[in-house]
Amino acid sequence: MPVPPTAAELARRVQARETTAPELLTAALSRIQAARPLNAVVSLNDGAQAQAQAVQARVDRGEALPLAGVPILVKDNINVSGTATTCGSRILATYVSPYTATAAARLQQAGAVIVGKANMDEFAMGSSTESSAHGPALNPWDEARVSGGSSGGSAVAVAAGLTPVALGSDTGGSVRQPASFCGVYGLKPTYGRVSRSGLVAYASSLDQIGPFAHTAQDLALLMNVLAGHDPLDATSLHAPPAFATVTADDLRGLRVGVIQESLGGNTPGVDATLQATLDALRGAGAQVAEVSLPELKYAIAAYYLIAMPEASSNLARFDGMVYGARVSGSDVTEAMTLTRERGFGPEVQRRILIGTYALSSGYYDAYYSKAMKVRRLIADRFAQAFGQFDVLVTPTSPFPAFRRGEKTSDPLAMYAADVDTVAINLAGLPALSVPAGFETVDGVRLPVGIQFIAPALQDERLVRLAGGLEALGVVQAGVAPGY
Ligand code: GLN
């Protein structure tokens, strides 16, 4: 499973006149066409050809562009002017974005060409990409298994080598978990590091856009373009990115805390991958110790009691009046009701109902307000742990990719899949899923990801650490067999 040419390498080739941006676009489009059965891509950008030509003209004029001609897919909840943004939902089936999200615009400014939009769980609610109105994205390592979610299409696109890098969004694990299921890197930046302007909101206090890639170098390249203050996002931080493009870190003396609460209930292959990663870190001179964060047992409950209320309020705007499809009725109330009833899938409807309930008077204090208190306790506990450790580590998921259909009839089992990831969003911290091993299940090798968590604004540390792990041979990067 070789690593295909990286974004860094493709940009170098364009700058060196070994290839052109339009040629890279044509090649990406034919890979996307050949991989259509994976259902990773839900729409193509009609403007991509013109963008590729414009990038080439800039290169020909001598402009140095960090992502010159790099083809990229973005999750279908990130607006790109003139392209459909469906968020994996029937309710937005006819919606075309009138503007471009800041993150996507930054990529384009740096010379990337946005080829199209990647499949996702409806409104980013899910852990398998099975709730998409476009149908599920298939895991290229085993098509009978889920891609993970909600940014499944983006993870599949990188794992199948359709584009070297892609963007997803992570509210409770939606970049990291599909990255771990598909055997690629997935980074969830510190809350506020990457602008959310133009990202269709699921739970605004938790959402962050993040990259998928095969190498630490590509993560650094992308984050240097994506991160930075944006006046269009009130929560955007003034924290200029300083990701080293030569990323290998000396791991000697690094204090690594293994979160005890993540050690029970993992499959044997996940446990073995974690232990092998820790052994390699110890071998490189890191100090590895266990640490307990007892409040993590409330993380799933607190997360869903915060994410669903925020979603119920964010999704109120989809009533058929302004955005997307409208089902007509005898009066405005009936039109709105029918539009939402037919436009939203069952999981989204369930979350709007639970979220509205948790916010309603009489229940607010018992549910939403209590969850917010737990959120504070979790954030404080992380801050305390970072007094002793430089990074914390857990598996990204307790198990590798599960079978399609296995959890669709049991929402609580689907929610529990996020047990290792949601607390990081509650605390606003950066975390990276590193492709670190495999577990063979029914004769098929499935990727396993290990999650590293850093203090707020120390995203750079995670990427350097990944470079160090690559140098140690821990990282198992590359496309799925057959791609
Ligand atoms: N699976 C989690 C959820 O359904 C996380 C989703 C996400 O990060 N967007 O809420």
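Student: Into how many nonpolar, polar and charged residues does the shell around the ligand divide?

Tutor: First, this is a predicted model, where local features need pLDDT of at least 70 and side-chain atom pairs count only at pLDDT 80 or more, while totals for chains, interfaces and linings use all residues. Residues are numbered from 1 along each chain as its sequence is written, and side-chain values use heavy atoms, with hydrogens and water left out. Ala, Val, Leu, Ile, Met, Phe, Trp, Tyr, Cys and Pro count as nonpolar, Asp, Glu, Lys and Arg as charged, and the others, Gly among them, as polar. On that basis the shell divides into 5 nonpolar, 7 polar and 3 charged.

Student: Which residues come nearest to the ligand?

Tutor: A residue is near the ligand if one of its heavy atoms lies within 4 Å of it. There are 15 residues around the ligand, and those that come nearest are Thr171, Gly172, Ser174, Tyr202 and Tyr303.

Student: Which side chain has an N or O atom 2.6 Å from an oxygen atom of the ligand?

Tutor: Let's go through the polar contacts (here, pairs of N or O atoms within 3.5 Å). A backbone N or O atom of Ala124 lies 2.9 Å from a ligand nitrogen, and a polar backbone atom of Gly126 is 2.9 Å from a ligand oxygen. The side chain at 2.6 Å from a ligand oxygen belongs to Tyr202.

Student: How much of the ligand's accessible area does the protein cover?

Tutor: Accessible areas come from the Shrake-Rupley method with a 1.4 Å probe. On its own the ligand has 300 Å², and the protein covers 100%.

Student: Where is Ala124, and what is its phi?

Tutor: Ala124, whose backbone contacts the ligand, lies in the loop between strand 3 and helix 5 (DSSP runs numbered from the N terminus: helices H or I of at least four residues, strands E of at least two). Its phi is positive, in a residue other than glycine, and is near 70°.

Student: Which residue of that loop follows a cis peptide bond from Gly149?

Tutor: The bond has an omega of about 10°. The residue joined to Gly149 sits between strand 3 (113-118) and helix 5 (152-159), and is Ser150.

Student: What is the largest C-alpha distance among the "active site" residues Lys75, Ser150 and Ser174?

Tutor: UniProt lists these three in an unreviewed entry, and such annotations may be inferred rather than shown by experiment. Although spread over 100 residues of sequence, they cluster in space, with a largest C-alpha distance of 10.8 Å.

Terms used. Polar contact = N/O pair within 3.5 Å; in protein donor to acceptor, adjacent residues only side chain to side chain.
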